[in-house]
Amino acid sequence: MKIGLLGHGVVGRGVREIIDEGATWEVRELEVKRILVKDEFEMVDPRCTMDFSEILNDPEIEIVVECMGGLEPAHTYAKQALEKGKYIVTSNKKMLAAYCEDLFAAAVANGVTVHYEASCGGGIPWMASLDRTRRVDDIESFRGIFNGTTNYILERMKKEGADFSDVLKAAQELGYAERDPSDDIDGYDVRSKVALSVVKAFDKVVDVSEITTFGIRTIKKEDLAYCAANGRTCKLIGTGTDHGDYVSACVIPMFLKDEDIFSNIPLNFNVIESNSKTLGAAAFVGQGAGSLPTAHAVVQNIIDIWKNQDPEINEKFVKPVDNQTHKGVFYVRTAKQAAFSGLIDRHVSELAFVTKKISLVEAAAAAAAANDETLFIAEVAE
Ligand code: HSE
């Protein structure tokens, strides 16, 4: 099975290495025939090309693996490959979350499929487990630590009292962070992963911009100190719940009880948990970021296609996101407290307070009205 690889960065290099090394008989059936790179200095292998048409028009290449990152030209190349009847495997959550309706339609029209295990949870077989669970049960909800960079930052801040910017730099050096690390620390990377999990778990497509999203950019040591003093650990959590006609979905830092298994997920690891009727809660833990774990998930998808074990992509339904039913207590630190008037239960310091039990919609509206770029908000888990 011959593969055209788009992108030779952190993930693309890992895919090439795993396939070239051929550790198992299945992997030895695969061959990276061409590698698309952007610049002359990346032409480090005779298979490298800067011309996408050499991959698109090569009839021997049946699978195009997209590890370029970014929206364009990744989206256009993926669509053109589908229209040529080639399968797509992608690790690019941002691109797929933005264009899944378009790309799935192109896949269905051309009798091929789009695969995205690596786009969510790095090396964890999260998407595969959803497919498997759904053979028996409907998935009702999921929650997860979907971002290795922020988990790494939050753990080192908690355990070592490390400084936010120092640990972000370390995460970048380890290859965990996105090209633009704002996507990690502002929660947008998790937002894309939540959108793709909604697609896989519920067969529903949502507009990513409707997913309420808060990140950890503004977190301070005093927030973590309050959290720890109350027997809690701060994690950036993505959630999704299927309500039939709508989906609730959000990304928000949460103060979890220390005894919650999510509180003990270390470093760049992710954990993602599905909930369904007969299986109940089932959680998967593994490295959520980094070259080889993510490349492993890509190669698993390639082998599924080669073995013809890819579950057909079902029809998807576009549904709205509505977080009115998401109720909770929120910890907020802001100098502009008037926006939260009537919602505050008690102050925990001059600038920080916890709210009464309110809806996420009310909390998000007050946070937006405060218009305070230093505001930090976290949900206090029940
Ligand atoms: N920047 C992402 C993370 C990479 O830290 O989880 C894996 O998707």
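The legends below describe close-up views of a predicted model. Residues are numbered from 1 along each chain as its sequence is written, and side-chain values use heavy atoms, with hydrogens and water left out. Because the model is predicted, local features need pLDDT of at least 70 and side-chain atom pairs count only at pLDDT 80 or more, whereas totals for chains, interfaces and linings use all residues.

**View 1. An open parallel sheet of six strands.** The strands, which are DSSP runs of E with at least two residues and are numbered from the N terminus, as are helices (H or I, at least four residues), follow the order 3-2-1-4-5-6; two strands count as paired if DSSP finds at least two bridges between them. Strand 3 (48–49) and strand 6 (114–115) stand at the edges with a single partner strand each, so one side of each is left without a neighbour in the sheet. Strand 5 (residues 87–90) pairs with strand 6 in the parallel sense over two bridges, and V89 has H115 in strand 6 as its bridge partner.

**View 2. Helix 4 across the sheet, with the loop that precedes this helix.** Helix 4 (residues 74–83) lies across strand 1 (2–6), strand 2 (31–36), strand 4 (61–66), strand 5 and strand 6, and runs at about 150° to strand 5. The angle, on a scale from 0 to 180 degrees, is taken between N-to-C directions of lines fitted to C-alpha atoms, for helices over the stretch in contact, where contact means heavy atoms within 4.5 Å. In the loop between strand 4 and helix 4 lies P73, and the peptide bond from E72 to P73 is cis, with omega near 10°.

**View 3. The ligand and its shell of 13 residues.** The closest of these residues, each having a heavy atom within 4 Å of the ligand, are K93, T149, Y176, E178 and D184. Among the polar contacts (pairs of N or O atoms within 3.5 Å), a polar side-chain atom of T149 lies 2.6 Å from a ligand oxygen atom, and a polar side-chain atom of E178 lies 2.6 Å from a ligand nitrogen atom. Taken alone the ligand exposes 260 Å², of which the protein buries 94%, with areas from the Shrake-Rupley method and a 1.4 Å probe. Helix 7 (148–160) and helix 10 (188–202) are the elements that give two or more residues to the shell.

**View 4. A hairpin of strand 16 and strand 17.** Strand 16 (residues 344–347) and strand 17 (residues 352–355) pair in the antiparallel sense over three bridges, with four residues between them. R346 has V354 in strand 17 as its bridge partner.

Note on methods: A polar contact is a pair of N or O atoms within 3.5 Å; within protein, one must be able to donate a hydrogen and the other to accept it, and residues adjacent in sequence count only if both atoms are side-chain atoms.
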